[in-house]
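Trainee: I'd like to learn how to read the empty spaces and the ligand sites in a model like this one. Can we start with the hollows?

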Amino acid sequence: MVTEKEKKTRGQVLEEWKEFVWNPRTREFMGRTGTSWAFILLFYLVFYAFLTALFTLTMWVMLQTLSDHIPTYQDQLATPGLMIRPKTENLEVLVNLSDSQSWKKHVEILDKFLEPYNDSIQAQKNDVCRPGHYYEQPDNGVLNYPKRACQFNRTQLGDCSGLSDPTHYGYSTGQPCVFIKMNRVINFYAGANQTMNVTCVGKRNEDAQNLGDFAMFPANGNIDLMYYPYYGKKFHVNYTQPLVAVKFMNVTPNVEVNVECRINAVNIATDDERDKFAGRVAFKLRIVKI
Ligand SMILES: *[C@@H]1O[C@H](CO)[C@@H](O)[C@H](O)[C@H]1NC(C)=O
Ligand SMILES: *[C@@H]1O[C@H](CO)[C@@H](O)[C@H](O)[C@H]1NC(C)=O
Ligand SMILES: *[C@@H]1O[C@H](CO)[C@@H](O)[C@H](O)[C@H]1NC(C)=O
Ligand SMILES: *[C@@H]1O[C@H](CO)[C@@H](O)[C@H](O)[C@H]1NC(C)=O
Ligand SMILES: *[C@@H]1O[C@H](CO)[C@@H](O)[C@H](O)[C@H]1NC(C)=O
Ligand SMILES: *[C@@H]1O[C@H](CO)[C@@H](O)[C@H](O)[C@H]1NC(C)=O
């Protein structure tokens, strides 16, 4: 059966549509009067303005609780991690004595890494500090900014300084230097008033035998208290991280040697099972020699 509606001509449909969009008789636009549209528009305007205001307010309150200088969430860093330089893939330091390209990239990384430690640069930027004491620069009510930092001279790295060193940190002779640094933790009194040191061991018995003798710079792998506390990048503009260099004198060639270095400090735990970089770092050494 065909209904009346379905019999409408095309012209009628178009006419009805036009009238829906704008009905001159009732002065309605899309079935509503101008006032009605105005109300709807006003409602949404107010509604969105309110949402925007609420969002902005929440954001502002959140931002007030954040400090410019101290990360809000750094509790997981309470135990500073250790890292090595040159930092390589899989933390394996490979020195192939018959392929200079294998170690030249390490040397390039180290040259760049140690440049800020040049004595001349340190003398220009940083203070000579009293060893064995924290270099505290409290605000005492007034903002004491920026903070000064202590000198760590490249020459303190002795045979690993790379200065007038034809062996390129020992890489060309198979006696490589590996540098150990501790990640920065703001306001951490590392060492709790006692000098810290870094020690390295072969991981297993065979590693210990293959590792051979090594020398540490500065002596005993000590890290002085004067490099702490660290006040953050924004305050402590010229801060220079202390380093410990380890020169491996006679690693057994052609085997992989697993080395683990850790920091000894009464307030740094090095036995966190979940975080293998907590106060320690493990890496592999391989000297290839035909
Ligand atoms: C060491 O270098 C030599 C010469 O380029 C190469 O034949 C050899 O495979 C390399 N060994 C390793 C373990 O990379
Ligand atoms: C740092 O010292 C090294 C070695 O003496 C030198 O080659 C380099 O140009 C120095 N860098 C700067 C920035 O002084
Ligand atoms: C670092 O080197 C500079 C320039 O040679 C020297 O004046 C300064 O005393 C040294 N600083 C330390 C802490 O050894
Ligand atoms: C940082 O080093 C520059 C020289 O490079 C020096 O002029 C400036 O005073 C130093 N700032 C601080 C806070 O040690
Ligand atoms: C370090 O020693 C000073 C003075 O003896 C003391 O006031 C301070 O609390 C000590 N700090 C730590 C972290 O033990
Ligand atoms: C390193 O530090 C530990 C504990 O702080 C201490 O027992 C040890 O004698 C130190 N080692 C060296 C070589 O100074």
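Mentor: Sure, and keep in mind that this is a predicted model. First a term: a cavity is a set of grid points where a 1.4 Å probe fits but cannot get out, and its lining residues have an atom within 4 Å of a point. With that in hand, take the second largest cavity: its lining is Y135, A149, C150, M226, Y227, Y228, P229, H236, Y239 and T240.

Trainee: What is the idea behind using a probe at all?

Mentor: Rolling a probe the size of a water molecule over the atoms shows where empty space is left.

Trainee: How much space lies in the second largest cavity? And how do its lining residues divide by class?

Mentor: The space comes to about 50 Å³. Eight of the lining residues are nonpolar and two are polar, with no charged ones.

Trainee: How many cavities of 30 Å³ or more does a search of the whole structure find?

Mentor: Two. The largest cavity has a volume of about 70 Å³. Around it you'll find M182, N183, R184, V185, F188, Y228, Y230, Y239, Q241 and P242. That lining is made up of seven nonpolar residues, two polar and one charged. Look at Y228 and Y239: they line the largest cavity, and they turn up in the lining of the second largest cavity too.

Trainee: And pockets? Which residues line the largest pocket?

Mentor: A pocket, unlike a cavity, is an open set of points. For the largest pocket, the lining consists of F113, P116, Y117, Q122, K125, K181, R184, N238, Y239, T240, Q241 and L243. The volume there is about 200 Å³, and the classes are five nonpolar, four polar and three charged. R184, Y239 and Q241 belong to this lining and also to that of the largest cavity.

Trainee: What about the second largest pocket: what volume does it have, and which classes line it?

Mentor: About 160 Å³. Its walls come from L91, K203, E260, E273, K276, F277, R280 and A282. By class that is five charged and three nonpolar, with no polar residue.

Trainee: On to the ligands. Which residues surround ligand 4?

Mentor: To read a shell, list the residues with a heavy atom within 4 Å of the ligand. For ligand 4 those are Q124, K125, P146, K147, R148, V237 and N238. The protein covers 62% of the 370 Å² of accessible area that ligand 4 has on its own. Three shell residues are charged, two polar and two nonpolar. K125 and N238 are also part of the lining of the largest pocket.

Trainee: Which side chains place a polar atom by an oxygen of ligand 4?

Mentor: R148 does, with a polar side-chain atom 2.7 Å from a ligand 4 oxygen, and N238 does, at 2.3 Å.

Trainee: Where does ligand 6 sit, in terms of residues?

Mentor: Its surroundings are N197, N220 and N264. The protein covers 40% of the 360 Å² of accessible area that ligand 6 has on its own. A polar side-chain atom of N197 is 2.4 Å from an oxygen atom of ligand 6.

Trainee: Stepping back, how do I read the overall form?

Mentor: Compare the radius of gyration with that of a globule: a compact one of 290 residues would be near 19 Å, but the protein chain has 34 Å. Its C-alpha atoms fill a box of roughly 105 × 60 × 40 Å along the principal axes. The chain holds five helices and twelve strands.

Key:
Residues are numbered from 1 along each chain as its sequence is written. Chains are lettered from A and ligands numbered from 1 in the order in which they are written. This is a predicted model: local features need pLDDT of at least 70, side-chain atom pairs count only at pLDDT 80 or more; totals for chains, interfaces and linings use all residues. Side-chain values use heavy atoms; hydrogens and water are left out. A polar contact is a pair of N or O atoms within 3.5 Å; within protein, one must be able to donate a hydrogen and the other to accept it, and residues adjacent in sequence count only if both atoms are side-chain atoms. Accessible areas come from the Shrake-Rupley method with a 1.4 Å probe; for residues, only the protein chains shown count as cover. On a 1 Å grid over the protein atoms alone, a cavity is a set of points where a 1.4 Å probe fits but cannot get out, and a pocket is an open set with protein on both sides within 12 Å along at least five of seven lines; lining residues have an atom within 4 Å of a point. Grid points are joined across faces, edges and corners, and a volume is the space filled by probe spheres set on the points. Ala, Val, Leu, Ile, Met, Phe, Trp, Tyr, Cys and Pro count as nonpolar, Asp, Glu, Lys and Arg as charged, and the others, Gly among them, as polar. Helices (H or I, at least four residues) and strands (E, at least two) are DSSP runs, numbered from the N terminus. The radius of gyration is taken over C-alpha atoms; the globule rule is 2.2 Å times the number of residues to the power 0.38.
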